[in-house]
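Here are some notes for a first look through this structure. Keep the sequence and the 3D view open side by side as you read.

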Amino acid sequence: MIRKSTLGQRSTVARLIAAIEHRKLTIFAHIDHAEHARQAELELPPINVVVFGNPHAGTPLMAADPRVGLDLPLRMLVWEDGPGLAFVGHHDPRELAGEYDLAEQKETLDRMAELLDAISAEAAGS
């Protein structure tokens with residue numbers, strides 16, 4: 001799922017973090033791939049991953065099938081693809097039902113998909 005941002009990459013990341021915090025979700029990590037590349041004396045355009053979630057949603061999924069822990073917590077990617085051209089991306093959590101034994105968790109996966117869509121829209125300024 002990819003959404004073009006109406007903002008630059010840094011502003012999009014800031015709005016993404018604010019949208020997550022506003023919903024009182026836990027941010028587990030914020031990875032700045034470009035910064036890590038600079039530290040290794042390499043170049044990379046701005047690429048950020050924010051890893052976040054809510055144990056009340058993720059725990060029942062992992063209880064149903066512990067392997068889903070490979071894909072949880074949720075994460076969103078913000079990258080720059082040219083000056084001032086930023087995108088927000090994430091996987092559709094409903095696809096997890098096909099990879100793991102989560103058929104009975106459809107409602108939770110649907111809510112997660114709605115949440116990610118709303119956060120993505122807010123981050124992208126749409």
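The points below go through two helices, how one of them packs, and a few loop residues.

1. Before anything else, bear in mind that this is a predicted model. Everything that follows is computed from that model.

2. Start with helix α1, residues 9-22. Its 14 residues reach 20 Å from first C-alpha to last, close to the 20 Å expected at 1.5 Å a residue. Now look at which of its residues are tucked away: Q9, T12, V13, L16, I17, A19 and I20 are the buried ones. They cover an arc of only 160° around the axis, which puts them on the same side of α1. If you like the general reason for such patterns, an α-helix has 3.6 residues a turn, so residues three or four places apart point the same way.

3. What lies over that buried side? The cover includes the strands β2 (26-32), β3 (47-53), β4 (74-80) and β5 (86-89), along with helix α5 (106-124). Turn to the other side of α1 and you find R10 and H22, both exposed.

4. Just past α1 comes K24, in the loop that leads from α1 to β2. Have a look at its backbone: phi is near 60°, a positive value in a residue other than glycine. K24 counts as exposed, at 73% relative accessibility. E41 is worth a look too, since its phi is near 60° and positive, again in a residue other than glycine. You'll find E41 in the loop between α2 (33-39) and β3, and its relative accessibility of 75% makes it exposed.

5. On to α5. With 19 residues at 1.5 Å each, this helix should span 27 Å, and its end C-alpha atoms are indeed 27 Å apart. Its buried residues are T108, L109, M112, A113, L116, I119, S120, A121, A123 and A124. After the helix comes G125, with a positive phi near 75°.

6. Pick out S120 in α5 for a closer look. Its relative accessibility is 2%, so S120 counts as buried. Which residues does S120 contact, leaving aside neighbours within four places in sequence? They are R3, M76, V88 and H90.

7. How do α3 and α5 sit against each other? The axes of α3 (residues 55-64) and α5 come within 10 Å and cross at roughly 140°. That makes α3 oblique to α5. The crossing is left-handed. For the residues involved, look at A57, G58 and L61 on the α3 side, which meet T108, L109 and M112 of α5.

8. The loops on either side of α3 deserve a stop. N54 sits in the loop between β3 and α3 and is partly exposed, with a relative accessible area of 30%. Its C-alpha is 10.0 Å from that of L72, although the two are 18 residues apart along the chain. D65, in the loop between α3 and β4, is buried, with a relative accessible area of 5%. Not counting residues up to four places away in sequence, D65 touches Y100, D101 and L102.

9. Last, check the peptide bond from L72 to P73: it is cis, with omega near 0°. P73 belongs to the loop between α3 and β4.

How values were computed
Residues numbered from 1 in each chain as written. Predicted model: local features only at pLDDT ≥ 70, side-chain atom pairs only at ≥ 80, totals over all residues. Heavy atoms only, no water. Helix = DSSP H or I, 4+ residues; strand = E, 2+ residues; numbered from the N terminus. Expected span 1.5 Å × (residues − 1). Buried < 20%, exposed > 50% of the residue type's maximum accessible area, 1.4 Å probe, protein only. Arc of directions from axis to C-beta. Contact = heavy atoms within 4.5 Å. Axes fitted to C-alpha atoms, helices over the stretch in contact; angles between N-to-C directions. Parallel < 35°, antiparallel > 145°, perpendicular 65-115°, else oblique. Left-handed = near helix turned anticlockwise from the far one by under 90°.
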